[in-house]
Amino acid sequence: IKGVSLAGLTLGIVGFGRIGKAVASLAQAFGMKVIYYKRHTLSSAEELSLQVEYRPLHQLMKESDVVSLHLPLNADTTSIIGKEELSYMSSSAYLINTARGGVVNEEALLQALQQKTIAGAGLDVFWEEPDIPQAFRALDNIVLTPHIGTNTGKARKDMMIEVHDNISAFFRTGKVISQVV
């Protein structure tokens with residue numbers, strides 16, 4: 001199996017908060033064009049400084065060689081990527097989900113992968129964690145990891161410090177430092 005060069009490809013980022021912006025910066029270092037989708041667009045000045053362009057979700061799905069998801073799971077984002085959204089992707093495009101399992105309709109993704117209407121997927125999150133659906137395990141066009149992105153000593157230590165700092169801030173000020181919305 002041959003790898004794919006990222007230079008010249010378009011990365012579509014769905015959810016453009018702190019993590020989405022960090023991913024954009026890394027992708028640009030590899031020569032990728034970055035487009036994004038989020039509920040509230042950035043100002044023209046911020047888009048220019050970050051070298052990104054806004055797209056409506058369906059257009060982002062059409063234009064992207066790789067779609068990377070970075071949004072919280074809530075009533076508005078549950079299954080935000082479903083059969084219709086996947087149908088806009090090209091047969092050479094990849095979907096990456098390291099956000100939350102519930103933002104992707106697993107059945108629609110499974111069908112797209114089985115029928116090869118998209119090239120592949122990389123999943124670090126699932127609807128019923130820690131269980132990885134058996135049907136995904138049989139596919140050769142998917143990479144599955146058990147939500148282990150923070151499974152290092154330093155990352156865990158940093159997470160504990162962040163929890164401590166948030167709790168302390170809440171009791172001092174009534175507000176947390178890093179609120180997930």
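## Exercises on rings, a helix and two cores

Phe171 is exposed, with a relative accessible area of 69%. That value comes from a predicted model, and the exercises below all work with this model.

**Exercise 1.** Classify the ring pair formed by Phe170 and Phe171, and describe how exposed Phe170 is.

*Solution.* Start with the general idea: a ring pair is described by the distance of the centres and the angle of the planes. Four aromatic pairs are counted in this model. For Phe16 and Tyr36, the centres are 4.8 Å apart and the planes meet at 25°, so this pair is stacked. Now turn to Phe170 and Phe171: here the centres are 5.6 Å apart and the planes are at 75°. Planes over 60 degrees apart count as edge-to-face, and that is the class of the Phe170–Phe171 pair. As for exposure, Phe170 has a relative accessible area of 42%, which makes this residue partly exposed.

**Exercise 2.** Work out which parts of the chain the pair Phe16 and Tyr36 ties together, and whether the two residues are buried or exposed.

*Solution.* First, place the residues. Phe16 sits in the loop between β1 (10–14) and α1 (18–29), while Tyr36 belongs to strand β2 (residues 33–37), so their pairing ties together parts that are 20 residues apart in sequence. Next, check the burial: both Phe16 and Tyr36 are buried. Finally, look around them: Phe16 and Tyr36 form one aromatic cluster with Tyr37 and Tyr54.

**Exercise 3.** Describe helix α5 (residues 106–114) from its start to what follows, including its buried residues and their cover.

*Solution.* Begin at the start of α5, where a side-chain oxygen of Asn105 comes to within 3.1 Å of the backbone nitrogen of Glu107. Then list the buried residues of the helix: Glu106, Ala108, Leu109, Leu110, Ala112 and Leu113. Their cover includes α4 (83–88), β5 (94–97), β6 (120–123), α6 (134–137) and β7 (142–144). After the helix comes Lys116, with a positive phi near 55°.

**Exercise 4.** Find which element gives the largest share of the largest nonpolar core, and name some members of the second core.

*Solution.* The largest core has 30 residues, of which Leu69, Ile81, Leu86, Leu95 and Leu109 touch the most other members. At least two residues each come from α3 (57–63), β4 (66–69), α5 and β6. The largest share, five residues, is supplied by α5. A second, separate core holds twelve residues, among them Ile13, Met32, Val34 and Tyr36. Tyr36 is thus a residue you have already met, in the stacked pair with Phe16.

Key: Residues are numbered from 1 along each chain as its sequence is written. This is a predicted model: local features need pLDDT of at least 70, side-chain atom pairs count only at pLDDT 80 or more; totals for chains, interfaces and linings use all residues. Side-chain values use heavy atoms; hydrogens and water are left out. Rings of Phe, Tyr and Trp (its six-membered ring) pair if their centres lie within 6.5 Å; planes under 30 degrees apart count as stacked, over 60 as edge-to-face and the rest as tilted. Helices (H or I, at least four residues) and strands (E, at least two) are DSSP runs, numbered from the N terminus. Buried means under 20% relative accessible area, exposed over 50%, partly exposed in between (1.4 Å probe, protein chains only). Contact means heavy atoms within 4.5 Å. A polar contact is a pair of N or O atoms within 3.5 Å; within protein, one must be able to donate a hydrogen and the other to accept it, and residues adjacent in sequence count only if both atoms are side-chain atoms. A nonpolar core is a set of buried Ala, Val, Leu, Ile, Met, Phe, Trp, Tyr and Cys residues joined through side-chain atoms within 4.5 Å.
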